[in-house]
Each structure stands twice: as structure tokens, then as C-alpha cells.
Amino acid sequence: MADAQKNRQVLLVSRPEGEASTDNFRLVETPLLPLREGELRVRNHYLSLDPYMRGRMSDAKSYAAPQALNEVMIGGTVGEVVESRNPKFKVGDNVVGMYGWQEYGTSDGTGLYAVDTTHVPLSAYLGPVGMPGVTAWYGLNRIIEPKAGDTVAVSAASGAVGSVVGQLAKAAGCRVIGIAGGAEKCRYVVETLGFDACIDYKAGHLYDELKAAAPDDIDGYFENVGGEVLDAVLPRMNAHGRIALCGMISGYDGKPLPLQAPRILLTQRLKLQGFIVSEHMELWPQALKELGERVATKKLIYRETIAQGLENAPEAFLGLLRGKNFGKQLVKLI
Ligand code: NDP
């Protein structure tokens, strides 16, 4: 643990060529300066590790600016206010913010919000009741628009976003098929999360198993992975199906994806829509309220993989890109 006067931070010091590595990051210690009027200081308890961070490590053209070199890596955090010269926050408040990969955050409070941990654990505000939860909610409700009786499929089904997609689709009365890497993840998706079926894409029979698991084919597909998984799902889509193109993680880490066959989009008259959840901030309060109630009443189940200590954040992040996480990947900082 850091002593009270020091902060520890992880900086991005180089951009990956090919796959990312721990050499792209550096752990540094910096002094904590006295607060100025209007500032507050937060001891971060958890850091969220998310796939989008791989995109920020690169300076390729994207929807967001690249992470600047030699600065603290971007990231969502939850923690407790430990000092405040800002009238909107008091010592002891639990807050969600974007302080990045560091143990303490100091700011004027912009973008920070206080949360109630009576019924929802603090870490869940980085998972099902945070950005990944809203992502699931948005893609499912606003793009797929599920109706009772529809068949909905989701890839990376045991993960932070996919696990919420499937449970919300079940609650909407759909038949839900998950796709995940490995038998253990698939067992969890069916037995604990309540999906109707889950296919282990690593077993090598995805197309045939999809056919068996979704005899009426697929009306809504929530895509998190891309590549071969998308290629296997597209031919199983029903006419006028809807695809929420959320992420394509199989192509993030130095392995650009080949172009997908667009012919099926035409012949099946599919609607495929990409989205970036941070461009729909007006819907977050509604989504977070619903997700928070579901977590508080145990109707939404989630799982976390927690790395211990900021020094282990780079390794845990690389693990996330390779499917080593099982549920929401966090780093415990205290
Ligand atoms: P997860 O918790 O699902 O973790 C990532 C998972 O992706 C891994 O556990 C692994 O699961 C799977 N994966 C990793 N590499 C590969 C690969 N090469 N091929 C197939 N699967 C792979 O992450 P999130 O739930 O946080 O994110 C899921 C997706 O949602 C990502 O693509 C992310 O970029 C996207 N996203 C998009 C947002 C938006 O606004 N559009 C916002 C938030 C997330 P398995 O072992 O099952 O393969």
C-alpha cells in the first residue's frame, strides 16, 4: 500500500507494435501535493480494466483520441473521498470517476459522482451498474429491441457486457444463446446466469452447434468479438434480424480482422448498427437505475476477476485481451 504522502501511477510509455506487452507501461511514484481550493482527493479502491484501453494505446484513427504517452493510463475508478476542499463532496463519500491507473485521484470533481453502497457493492459500479452494464442495456434495448419469443445470441457471454446482455434478454422473454471461450465459462453462463444454451467457440464446431442451439435461428445478435465468431453467426440470422455491433475484441491486439462477408447483410435484410456507449449519456440515468435495482434484488448476477495491487494492472490487462478474465476484470488498489 502507498504511504499517505505518495501516489503510485501506471503510465503508458510506448505504443505496442503488434501485441501489447508489459513494457508499454511503467509504474511510478509521485508526491501528493496539498489540495487547492475547490479540489478533492479520492483513495481509489478499484480500477476497471476494459478492452477499449487497447485502442487508446495505439495512435491509429479512432472514435477517441489516443492515450498520451508518459501520462497516467485512462480508466474508470471507484473509491472514497479522503480529503475535500470542494463543497459538493465530503470525506467518506463513495465515488465513481475516471482517475485512471493510480491509487489516488485529485480533481475539482468534474465527472465524479457519489454512489450509494447500501445494496450495491462499490465494485459493481464499474461492472453491471456502470459502463459495461449500460453498454449491454443500450445495445440490447435500443438496437436489438428484443421481443418475447425472439432468439438472441451474444458473444463473450460470460464477460462484463455479455453477461448482462443475456440476463436482460432472458428477462424480456427471449431464448438466449451465449458464445464463450471454454467449458467452464459456458457452464457458468447456463447454470448460474440462466441462459438457454452456451457454445464454446474454442471447441471448433460453432456453426453446427449454433444450428442445434437455435433451431429457429437468431433474431438479435450482440457482437463483442468479431472475426470467426461473427462469420459463424451471420449465416444463422433470420430475415430482418438486428445486430448490435458493440466490440470486436478478437482484432484489438495487433491482429487486424479480415473484412466480413456483407452479402448476408443484404440477403437477410439485416440491421447492423455500431454504437459507442459514451455518446448516449442521456440514457445512463435510466439504465443505471434499472441495473442497480436488478443487482440490489439479485435479479442480475455478475462475476469479477480481481487482480491485487496497481503493479499487477498491466499483466491483468493483457490477460483480459487473451480471455483470462472470467467476468468483469478489476484491480484492487487498497
Ligand atoms: P469481457 O469482460 O467480456 O472480457 C473480454 C472477453 O473477450 C474475454 O474474457 C474473452 O472471453 C473475449 N476475448 C478475448 N479475446 C478474444 C478473442 N481473440 N476471440 C474471442 N474472444 C475473445 O469484456 P467487456 O465485457 O468489458 O467487453 C466486451 C466487448 O464490448 C469488447 O469488445 C469491448 O470492446 C466492447 N465494449 C464496447 C463498448 C461500446 O461503447 N461500443 C463499451 C464497452 C465495451 P472468452 O474467453 O469467452 O473468449
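## A buried arginine, the ligand shell and the nonpolar core

Arg-236 is buried, with a relative accessible area of 10%; the cut-off for that term is under 20%. The model described here is predicted. In the chain, Arg-236 belongs to the loop that runs between α6 (227–233) and β13 (237–245). Two side-chain partners can be named for this arginine. The side chain of Asp-217 is joined to that of Arg-236 by a polar contact of 2.7 Å, and the side chain of Tyr-207 makes a polar contact with the arginine side chain at 3.0 Å.

The ligand is surrounded by 27 residues. Lys-185, Tyr-201, Tyr-252, Val-277 and Asn-325 are the closest of these. By class, the shell consists of 17 nonpolar, 9 polar and 1 charged residues. Polar atom pairs between protein and ligand are listed below.

| Residue | Protein atom | Ligand atom | Distance |
|---|---|---|---|
| Tyr-201 | polar side-chain atom | oxygen | 2.5 Å |
| Val-277 | polar backbone atom | oxygen | 2.7 Å |
| Leu-321 | backbone N or O atom | nitrogen | 3.2 Å |

Taken alone, the ligand exposes 910 Å², of which the protein buries 91%. Three elements each give two or more residues to the shell around the ligand: α2 (131–144), α3 (160–171) and α9 (313–321). At the level of domains, residues of the shell come both from domain 1 (6–127 + 302–332) and from domain 2 (131–278), so the ligand lies between the two.

The protein interior is described next. The largest nonpolar core contains 47 residues, and within this core Phe-222 and Leu-291 have the most contacts. Two or more residues of the core are given by each of α2, β9 (151–155), α3, β10 (175–180), α4 (183–191) and α8 (284–296). The largest share, 7 residues, is that of α2. Domain 1 (6–127 + 302–332) and domain 2 (131–278) each supply at least three residues to this core.

Two helices therefore appear in both descriptions under the element assignment used. Helix α2 gives two or more residues to the ligand shell and the largest share of the core. Helix α3 likewise gives two or more residues to the shell, and two or more to the core. Both domains also recur, giving residues to the shell around the ligand and to the largest nonpolar core.

Technical notes: Residues are numbered from 1 along each chain as its sequence is written. This is a predicted model: local features need pLDDT of at least 70, side-chain atom pairs count only at pLDDT 80 or more; totals for chains, interfaces and linings use all residues. Side-chain values use heavy atoms; hydrogens and water are left out. A residue is near a molecule or strand if one of its heavy atoms lies within 4 Å of it. A polar contact is a pair of N or O atoms within 3.5 Å; within protein, one must be able to donate a hydrogen and the other to accept it, and residues adjacent in sequence count only if both atoms are side-chain atoms. Accessible areas come from the Shrake-Rupley method with a 1.4 Å probe; for residues, only the protein chains shown count as cover. Helices (H or I, at least four residues) and strands (E, at least two) are DSSP runs, numbered from the N terminus. Ala, Val, Leu, Ile, Met, Phe, Trp, Tyr, Cys and Pro count as nonpolar, Asp, Glu, Lys and Arg as charged, and the others, Gly among them, as polar. Domain bounds come from an automatic or database domain assignment. A nonpolar core is a set of buried Ala, Val, Leu, Ile, Met, Phe, Trp, Tyr and Cys residues joined through side-chain atoms within 4.5 Å. Buried means under 20% relative accessible area, exposed over 50%, partly exposed in between (1.4 Å probe, protein chains only).
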